[in-house]
Amino acid sequence: MKTNIGVFFGGRSTEHEISVISASQAMHAIDRNRYDVTPIYISKEGRWYTGDALFEVANYKDIPALLKQCEEVYMQPTFGNYTLYKVKKPMFGKAEVCKLDVAIPVLHGSNGEDGTFEGVLESIGIPYAGCDVLSSANGMDKITMKMILASCDIPVVDFVWFTDKEWFNKKDALIEKIESTLGYPVIIKPANLGSSVGIGRAADRARLEECVEDASRYSERIIVEHMVDNLKEINCSVLGDCDDFQTSVCEEPIKSGDILSYEDKYMGGTKGAKGMQASQKRIPADLPEAMSNEIRRLAGETFRVLSCHGVSRVDVIVDADTDKIYVNEINTIPGSLSFYLWDATGISFSQLMDKLVQLALKRNRERANKTVTYSKNIFSLGGGCKGGCKGKLK
């Protein structure tokens, strides 16, 4: 029997379409001689579907027509039950679609990459690839992530953060703090989105207000960062777990403006989205060896201190005037799973997917050895009530 890999993608996220592209690439890279693959597409409404038509990106041009070819499914939130069930129970025949052995989430952005979906998988107990709830949540939130990195002596640019309600209630005070602490130019970002969604650059107060208003459309928490004028953006991927990992070669994405845009990342100068591998980039990046080694070290340290797992991509900023390096962010489920970086490092996409499966199974085995509950029942001992019990248990 082959190991059945359930690949989850889509989701209630502004990065829905990019997730579909990444998942399609990943599913086609899995060695079918060793594994079976079950696609599980999560619609923008949060409903789950499976079916062979989900393998091809071209079918997503007409979602209603695509879903008519698919079966709506669900999983029970019961620990140890890895079965995929049909929503519409047949009068005759099985209600089960299949049993999964391993889950690979390829869900970018909110409600997927932020620990939400990982919590679902944790409650079921199924082995899954990638970061767990804590590392996903910390990696997704740019504010929390930078706080953790700074406390571990990993360099990040100066920043100010606030909530959308704080901005509404004390905007003038926040603007004054930003101007006195950071100065201009600054870059404004929603705290928990990726793919350059909702990001803007401001060189004056009027533009700052516009960008914050735009970012607040996507997130309750906003971060404003000092913007390095003469910067070079470099990315490096990390594979493994926080105790045993390796880093890829570095890449330099080519941006068309001040900020690497959604189009720069995913359209690649073409009319059709092809995923992260289509974006303009230099691989390996044209860097001095010492700088490349330092970036790889910082990428690994970022992965380690955030307790990451699976494959991630760490994006750094190099100040071209001073050669100072700052960690910008980590993508715990990177676009195209950063396969192009590992391909350039000597690990094929098929080998990358195999490593993710093996990492998922290894973590599950290790967690099975941890104590999560006690066999003793305190209620049978007549105890366990503190203040709220009026009578003794008998």
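1. Start with strand S1, residues 3–10. Seven of its eight residues are buried, so the strand is largely enclosed by the rest of the structure. Keep in mind that this is a predicted model.

2. S1 has strand S2, residues 35–42, as a partner. The two run parallel and share eight bridges. To find the register, look at Phe8: Ile40 of S2 stands opposite.

3. Strand S7, residues 102–106, also pairs with S1. This pairing is parallel too, over five bridges. Here Ile5 of S1 is a useful marker, with Val102 as its bridge partner in S7.

4. What links S1 and S2 into a unit? Helix H1, residues 16–29, joins the two strands in a β-α-β unit. The unit is right-handed.

5. Now turn to another sheet. It is open, has five strands and pairs in the antiparallel sense. Read across, the order is S14-S13-S12-S15-S16. Strand S14 (281–282) and strand S16 (325–331) form the edges, each pairing on one side only.

6. Within that order, S12 sits beside S15. S12 covers residues 231–241 and S15 covers residues 309–319. Their antiparallel pairing counts 11 bridges. One pair to check by eye is Asp241, which faces His309 in S15.

7. Glu329 deserves a look. This residue lies in S16, which is an edge strand of the five-stranded sheet. Is Glu329 buried or exposed? Glu329 has a relative accessible area of 12%, under the 20% limit, and therefore counts as buried.

8. Which residues does Glu329 touch, leaving aside neighbours within four places in sequence? The contacts are Lys142, Met145, Arg313, Val314 and Asp315. Of these, Arg313, Val314 and Asp315 fall in the 309–319 range of S15.

9. How many disulfides are there? The count is zero. Cys250 shows the spacing: the nearest cysteine sulfur belongs to Cys236, at 4.5 Å. A disulfide needs the sulfur atoms within 2.5 Å, so Cys250 is in none.

10. Two cysteines can be placed by accessibility. Cys250 is buried because its relative accessibility is 3%, under the 20% limit. Cys211 is buried as well, with a relative accessible area of 3%.

Conventions
Residues numbered from 1 in each chain as written. Predicted model: local features only at pLDDT ≥ 70, side-chain atom pairs only at ≥ 80, totals over all residues. Heavy atoms only, no water. Pairing = 2+ DSSP bridges. Helix = DSSP H or I, 4+ residues; strand = E, 2+ residues; numbered from the N terminus. Buried < 20%, exposed > 50% of the residue type's maximum accessible area, 1.4 Å probe, protein only. Right-handed = clockwise from strand over helix to strand, strands pointing away. Contact = heavy atoms within 4.5 Å.
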